[in-house]
Every structure is written in C-alpha cells, then in structure tokens.
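Okay, thanks for making time, everyone. Let me put the model up and then we'll walk around it together.

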Amino acid sequence: MSSTTSTHHLAAILPTKAAGAFQVKDRPTPTPGPHDLLIEVKSIALNPIDYYQRDKGFPPLDHYPTVLGSDIAGTVVSAGASVPSDAPEPGARVAAFAPCFFTKGLPDYGAFQTRVLVPAANVVPLPAKIGFNEASLLPMGVVTAWSGWYSIGVPRDTAYSAEDGKGMLIWGGASSIGSAAVQVAKSMGFSVYVTASEKHHEYLKGLGASKVFDYRSEDVVENIVKAAKADGVTVQSGFDAAGQVKSCLEILKELKGEGSAKLATAVPPSEDTPKVEGVEVKFVAAPGDEKERTEHFHFVLGVWLKEKLEKGEFVPSPKVQVVGGGLEGIDKGLDELKKGVSGVKLVLEV
C-alpha cells in the first residue's frame with residue numbers, strides 16, 4: 001500500500017453502486033475550489049448512512065467510483081481563493097461535515113480518505129482540549145439535530161425559561177444524533193424528556209435531560225405523559241432518533257395541550273405511519289437550496305457550535321469506541337455498526 005505524498009493520498013474507494021466492500025488505494029489529492037478547505041484527516045466517525053450506501057446504494061449517488069463518509073476531524077492543509085477571512089486557516093485543528101451526500105458522491109468530498117475537500121461553511125475550529133477522535137463525533141450529530149429543528153420550524157433564537165413550561169421529547173437519546181439533540185434542546189430552555197437504555201440515564205442527565213425513561217418499558221409512553229403532566233409541561237415538539245414514530249405520536253397527542261405539535265424523525269417514516277390529528281411528522285432534512293444550506297451549516301458549525309465548544313457548553317457525545325486498522329478497518333467497523341451499538345460512536349484513526 002502506498003503512503004500519502006504531496007500529490008496523492010490513500011482513500012477507501014467504493015468501486016460501484018452497492019459494492020458491499022471498499023478498496024483502499026491511492027487517488028490524486030485535489031486542489032481546493034474557491035469556497036473549499038483541504039483537510040488532512042486524523043479521525044473518521046462512522047454513521048448508519050455509510051453502510052446503507054455501501055450495501056444498497058441508498059440514498060442514491062451519481063458518481064462511481066466514489067468515497068463515502070461524512071464525519072471527520074483533522075488539520076486544514078490549504079484554502080480556496082474565496083474562503084471567508086474568518087474561516088480556519090492552514091494548520092488549524094477542525095471538525096467538519098464532508099458533503100459526499102450533497103455532492104451525489106463526488107469522491108473528493110467523501111470522508112473515507114486521508115485528505116478531503118470540505119466547504120468552509122461545514123467546518124468548526126476545535127479548542128485545544130478536544131481531541132480529534134472526540135471531535136469527529138460532532139458534525140453529523142449536531143447538524144442533524146439542528147436540521148430537525150429547521151424541519152419542524154423551531155426558531156434558532158428559542159430561549160425558554162423553566163416558568164414557560166415548554167418541553168421537548170427526544171426518543172433515542174443515547175445515539176450521537178439523540179445526545180446532540182438533548183444538548184441543543186436544553187440550550188434552548190426546553191424541559192427535555194428522553195428515552196434510552198437504563199444504563200445511559202445518568203449520562204444523559206449530565207448532558208441536560210430533565211428526565212430519562214427506559215424505552216424497553218411497556219409503560220414508557222404512559223410514564224412520559226404522567227411525568228410531563230405532573231411537571232406542568234406541554235410538549236409540542238419532538239425528535240425521533242430511533243424510528244419510533246408511533247410512540248412519539250402517542251406522547252405528543254397527549255401533551256400538546258390546546259395547540260398543535262410537530263415531530264422531526266431522523267428515520268424515514270413508513271407508509272403505515274399512523275395519522276394523529278394535530279401532530280405533524282417531518283423527515284429531518286437540511287435546506288434543499290444550496291445557498292440556504294450553506295448558511296445553515298455555517299450557523300450550526302461555524303457560529304453556534306464554535307461558541308459552545310469555546311465556552312465548554314457542548315460535550316462531544318456519546319463515548320468513542322476506536323475501530324482498529326485505519327482505512328482498512330472501515331468495512332469491519334460498518335459491519336459492527338450494522339449489528340447495533342449502544343451509547344458509543346465507532347471511530348477510525350487514520
């Protein structure tokens with residue numbers, strides 16, 4: 001296997017649609033476009049979308065061979081001519097959302113390689129106290145949480161106090177997306193009602209969950225409803241990070257009060273998803289318009305998360321579990337992720 005040089009670098013390449021396995025080989029190192037940063041990758045976090053695209057070719061991509069992956073942390077190598085002056089400069093430590101999904105598989109923009117192009121808007125600089133492995137947990141989780149609020153119309157400047165009695169339901173709080181959603185909702189002043197395995201309850205309370213419930217309990221829906229009513233809280237917003245729309249709808253129906261409610265789901269709702277009067281279900285999605293999406297990513301990562309990390313008000317979560325083998329270990333890591341993990345994020349060191 002060749003090592004990284006000034007003109008070429010290593011990448012885990014998916015040769016064809018639904019190939020089911022990656023090939024690690026050299027590919028040419030690209031030059032940043034006007035709005036891009038070239039990043040030397042140190043850590044990569046794995047996500048379910050990665051094995052869906054590896055094994056099934058879904059969501060569909062237009063470009064093969066391709067390089068998949070979204071979550072990275074590393075060091076800025078160079079910048080395009082039109083990158084804003086406040087963007088991280090060469091040498092800066094960053095976490096970034098590699099936009100393979102949004103570029104329909106253009107290989108220069110996939111995370112599974114040692115050098116990757118990323119739009120400057122998709123980057124957050126890292127405080128010295130946050131290592132690369134922890135940092136790689138941030139981009140997908142935080143952006144998806146904020147995209148959930150975007151999808152259901154929760155304003156960015158939401159700032160409730162306890163006296164307002166406003167609650168947020170988050171189902172699947174131990175995942176990277178769920179735990180990010182917990183922290184974002186808490187920062188907005190919501191009372192946050194969360195489901196997770198019992199072993200993760202104290203951890204999630206430390207992240208900002210008001211009350212945590214065991215999703216395995218037969219009475220979980222009833223228990224959440226009783227708790228929120230006892231607290232005098234109405235819950236008109238929810239985030240489903242685990243594909244449990246039906247249970248979320250039952251809860252929102254009982255807790256929405258006189259108004260309506262909205263549920264953001266990170267798992268596409270099925271055709272048999274029940275309809276509940278006064279409760280709307282929206283699949284989580286970032287803005288479709290490229291200009292609006294760029295502004296969305298910049299706000300989430302370059303403004304909001306940057307400030308929270310600097311102040312120590314956001315914790316990379318959940319816990320890191322390192323997968324050995326570097327790029328050669330991606331298939332093993334995705335196979336492990338596919339079987340199911342709990343309260344951890346699988347990370348590759350490259």
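Here's a warm-up while you rotate it: is A18 buried, partly exposed or exposed? Before anyone argues, remember that this is a predicted model. Right, A18 counts as partly exposed, because its relative accessible area is 33% and the partly exposed class runs between 20% and 50%. You'll find A18 in the loop between β1 and β2. Its phi is near 55°, so a positive value, and this is not a glycine.

A18 has a company of sorts further along. K104 also isn't a glycine, and its phi is positive too, about 60°. K104 sits in the loop between β5 and β6, and with a relative accessible area of 38% it is partly exposed. As background, most residues other than glycine have a negative phi, and most peptide bonds are trans.

Speaking of peptide bonds, there are cis ones to look at. Y64 and P65 are joined by a cis peptide bond with omega about -5°, and P65 belongs to the loop between α1 and β4. Then go to S317 and P318: that bond is cis as well, omega near -5°, and P318 is in the loop between α8 and β14.

Now back to A18 for a second, since it leads us to an arginine. R54 touches A18, and its other contacts beyond four places in sequence include L14, F22, L68, D331, L334 and D335. R54 is in helix α1. So how accessible is R54? Just 2% relative accessibility, so R54 counts as buried.

Some of those contacts take us to helix α9, residues 330–339. Its buried residues are I330, D331, G333, L334 and L337. Look down the axis of α9 and these buried residues fall within an arc of 160°, so they line one face of the helix. K332 and K339 are on the other side, exposed. And what covers the buried residues of α9? The cover includes β1, α1, β14 and β15. After the helix comes G340, with a positive phi near 115°.

Let's move on to β15's partner, strand β3, residues 36–45. How many of its ten residues are buried? Nine of them, so to speak a mostly covered strand. β3 pairs with several strands, among them β4, in an antiparallel arrangement with eight bridges; there, L38 has S78 as its bridge partner. With β6 the pairing is antiparallel over five bridges, and L37 stands opposite V118. With β15 there are three bridges, antiparallel again, and I44 faces L348 across that pairing.

Next, the parallel sheet. Which order do its six strands take? Going across, the open sheet reads β10-β9-β8-β11-β12-β13, with parallel pairing. β10 and β13 are the edge strands, each pairing on one side only. From one strand to the next, the twist averages 20°. If you zoom in on β9 and β10, four bridges join them in parallel, and V194 is opposite V212.

Helices pack on this sheet. Helix α4, residues 176–187, touches β8, β9 and β11, and its direction makes about 175° with that of β8. Helix α7, residues 245–255, lies across β8, β11, β12 and β13, at about 160° to β12.

While we're by β12 and β13, have a look at V267 in the loop between them. V267 has 33% relative accessibility, so it counts as partly exposed. Setting aside neighbours within four places, V267 is in contact with D240, A242, G243 and F283. V267 and T294 are 27 residues apart in sequence, and their C-alpha atoms are 23 Å apart in space.

Last stop, a helix pair. Helix α3, residues 138–152, packs against helix α8, residues 290–311, at an angle of about 115°, with the axes 10 Å apart. The crossing is right-handed. On the α3 side, the residues in contact include L138, V142, W146 and Y150, and on the α8 side they include H296, F297, V300, W304 and L309. By class, that contact has 13 nonpolar residues, two polar and one charged.

That's my tour. Shout out anything you'd like to see again.

Terms used: Residues are numbered from 1 along each chain as its sequence is written. This is a predicted model: local features need pLDDT of at least 70, side-chain atom pairs count only at pLDDT 80 or more; totals for chains, interfaces and linings use all residues. Side-chain values use heavy atoms; hydrogens and water are left out. Buried means under 20% relative accessible area, exposed over 50%, partly exposed in between (1.4 Å probe, protein chains only). Helices (H or I, at least four residues) and strands (E, at least two) are DSSP runs, numbered from the N terminus. The arc is that of the directions from the helix axis to the C-beta atoms. Contact means heavy atoms within 4.5 Å. Two strands pair if DSSP finds at least two bridges between them. Axes are lines fitted to C-alpha atoms, for helices over the stretch in contact, and angles run from 0 to 180 degrees between N-to-C directions. A crossing is left-handed if the near helix is turned anticlockwise from the far one by less than a right angle, and right-handed if clockwise. Ala, Val, Leu, Ile, Met, Phe, Trp, Tyr, Cys and Pro count as nonpolar, Asp, Glu, Lys and Arg as charged, and the others, Gly among them, as polar.
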